[in-house]
Amino acid sequence: MTGETQFIDRVREALAGIEAAGLTKPERVLLSAQGPEITVARKDGSTADAINFCANNYLGLASDPRVVAAAAEAMRSWGSGAAAARFICGTQGVHKELEAALASYLGFDDAILFAACFDANGAVFEPLFEEQDAIVSDTLNHASIIDGIRLSKAKRYRFATSDMADLERQLKAARADGARTIVIATDGVFSMDGHIANLPTITALAARYGALVMVDDCHATGHLGPEGRGTPALHGVDGRIDILTGTFGKTLGGGLGGFICAAREVIALLRQRARPYLFSNSLSPATCGAALEAIRIARSGEGDALRQQLAANRKQFREGMAAAGFDLALGETPIIPVLLGDDRAAQEMAALLLEAGIYVTGFSYPVVPKGKARIRVQLCAKHSPDQITRAIETFVTVRDTMAANGSR
Ligand SMILES: *Cc1c(COP(=O)(O)O)cnc(C)c1O
């Protein structure tokens, strides 16, 4: 009894600490499907319409009627789910179809499905890299890569984000330490800054030091590069990536699910050894159906048109904001951070923008470095030019209001 009281007290204290540091992440409730226009619930119980600039729904497929219909059809055909792990009786035709579609789309021998890319990244290192091996990881890599690396017994090396001289130093150190296999692990797109990994240099260094390359392309698959085949294709180094992980939770339909693409033998070993694959249910048929339709659209001529529109939207927003005097992080992705510096200014601006119908997210320390607070804007192919103009005008109005109130 007292043990339990102590425990709840400790949990309360942790929560109070998060609140006092201003780090509580509220969860705003959407009362509509995901899309460029959404309805959000206000604290007072009223609702408000907003233009959404913070989803990873880059091509707008999350509520595309064809994607939704494909999910419904897959569920009608295959049921709600298999109620079994893949190797028991949980492998259905639709799983094999999706794995084949991914391998063909992204140019690998084979693919393996996971409940999420978080699981794929948690699964990929431990079975493939042992004590004699080395994992060389970018410091800004996604939390799931960091956790996945922790689960492996391989020796760990870290290089300062996108610092190719540091990467080479770490590769030399791993070789000097006698590593058997070396793998470089990197995000394809770093989601806080929107910058793209320097894959031409990374693959060249990998070749020089006999290392493998693992890319997590969650923020790229579907909308970057030719056919939306991601950062390797964008940089013309597809075919030189050994392991690629990705998600169905962003461009490819917005549902939940992840995957790993690699050589046939690598995927075969993962099917035998990857713990989140062996000890978890198989992917829901609805998710598989949605992902198959999203891949079909992304690969089609319509996908090209959507990517062109996304690029045009990015250009319109960047040019408009720069002309209005905002400081934007550089980059070639639909993630555009508006740099503000001050933590409170970023949070306050995001709140005022939402009041004015523009939904964006403010990020401050410790999610980004101290003094680098920002508002992250994410564009969607389905934003109209008018909506983007409205966003820019609202940024200006809110900045002026804050300046008049002396908050900046
Ligand atoms: C979103 C994201 C993930 C997690 O993907 P889920 O499928 O949602 O678990 C992993 N890595 C990166 C780089 C991401 O952006």
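How far apart do the end C-alpha atoms of residues 49-394 lie, and how much of the span is helix and how much strand? In this predicted model, the two end C-alpha atoms lie 15 Å apart. Helix makes up 44% of the span and strand 19%. The span itself comes from the UniProt record, where an unreviewed entry lists residues 49-394 as "domain: Aminotransferase class I/classII large".

The ligand was examined next. Its shell holds 13 residues. Among these, C117, D216, H219, T247 and K250 come nearest. By class, the shell divides into 4 nonpolar, 6 polar and 3 charged residues. Helix 5, residues 117-124, gives the most to this shell, with 3 residues.

Several polar pairs link protein and ligand. At F118 the backbone takes part: one of its N or O atoms lies 3.0 Å from a ligand oxygen. At H219 the side chain takes part, with an N or O atom 3.2 Å from an oxygen atom of the ligand. H142 also uses its side chain, but here the partner is a ligand nitrogen, 3.4 Å from a polar atom of the residue. On its own, the ligand has 380 Å² of accessible area, and the protein covers 86% of this.

The UniProt record was then set against the model. An unreviewed entry places the feature "binding site" at C117, F118, S191, T247, F248, G249, K250, S280 and N281. These positions span 165 residues in sequence, and their farthest two C-alpha atoms are 28.6 Å apart, so they do not all gather at one spot. Two members of the set, S280 and N281, belong to the lining of the largest cavity. Two others, T247 and K250, are among the residues that come nearest to the ligand. C117 likewise appears both in the record and among those nearest residues.

C117 is found in helix 5. The residue has a relative accessible area of 6%; it is buried because this value is under the 20% cut-off. Its helix is mostly covered as well, with 6 of 8 residues buried. The buried residues are C117, A120, N121, G122, A123 and V124. In general, residues three or four places apart on an α-helix point the same way, because each turn takes 3.6 residues.

The loop between strand 10 and strand 11 carries further annotated positions. Strand 10 covers residues 243-247 and strand 11 residues 258-262, with F248 in the loop between them. F248 is buried, at 1% relative accessibility. F248 and A294 are 46 residues apart in sequence, yet their C-alpha atoms are 8.9 Å apart in space. K250 is found in this loop too. The unreviewed UniProt entry lists K250 as "modified residue: N6-(pyridoxal phosphate)lysine". K250 is buried, with a relative accessible area of 15%. K250 is also one of the residues that come nearest to the ligand.

A charged side chain was examined in helix 10. R271 lies in this helix, which runs over residues 264-273. What is the relative accessible area of R271, and is the residue buried or exposed? The value is 15%, and R271 is therefore buried, given a cut-off of 20%. Its side chain has polar partners. One is the backbone oxygen of A111, 2.9 Å from a polar atom of the R271 side chain. Another is Y277, whose side chain is joined to that of R271 by a polar contact of 2.9 Å.

Backbone geometry was considered last. Most residues other than glycine have a negative phi. A83 has a positive phi, near 50°. The residue sits in the loop between helix 2 (65-78) and helix 3 (86-90). A83 counts as exposed, at 72% relative accessibility. S162 also has a positive phi, near 60°. Its place is in the loop between strand 5 (155-159) and helix 7 (164-176). At 27% relative accessibility, S162 counts as partly exposed.

Note on methods. Residues numbered from 1 in each chain as written. Predicted model: local features only at pLDDT ≥ 70, side-chain atom pairs only at ≥ 80, totals over all residues. Heavy atoms only, no water. Near = heavy atom within 4 Å. Polar contact = N/O pair within 3.5 Å; in protein donor to acceptor, adjacent residues only side chain to side chain. Areas by Shrake-Rupley, 256 points an atom, 1.4 Å probe, with all protein chains shown as cover. Helix = DSSP H or I, 4+ residues; strand = E, 2+ residues; numbered from the N terminus. Nonpolar A, V, L, I, M, F, W, Y, C, P; charged D, E, K, R; others polar. UniProt positions renumbered as here; feature names shortened; annotations may be inferred. 1 Å grid on protein atoms, 1.4 Å probe; cavity = no way out; pocket = protein on both sides within 12 Å on 5 of 7 lines; lining within 4 Å. Buried < 20%, exposed > 50% of the residue type's maximum accessible area, 1.4 Å probe, protein only.
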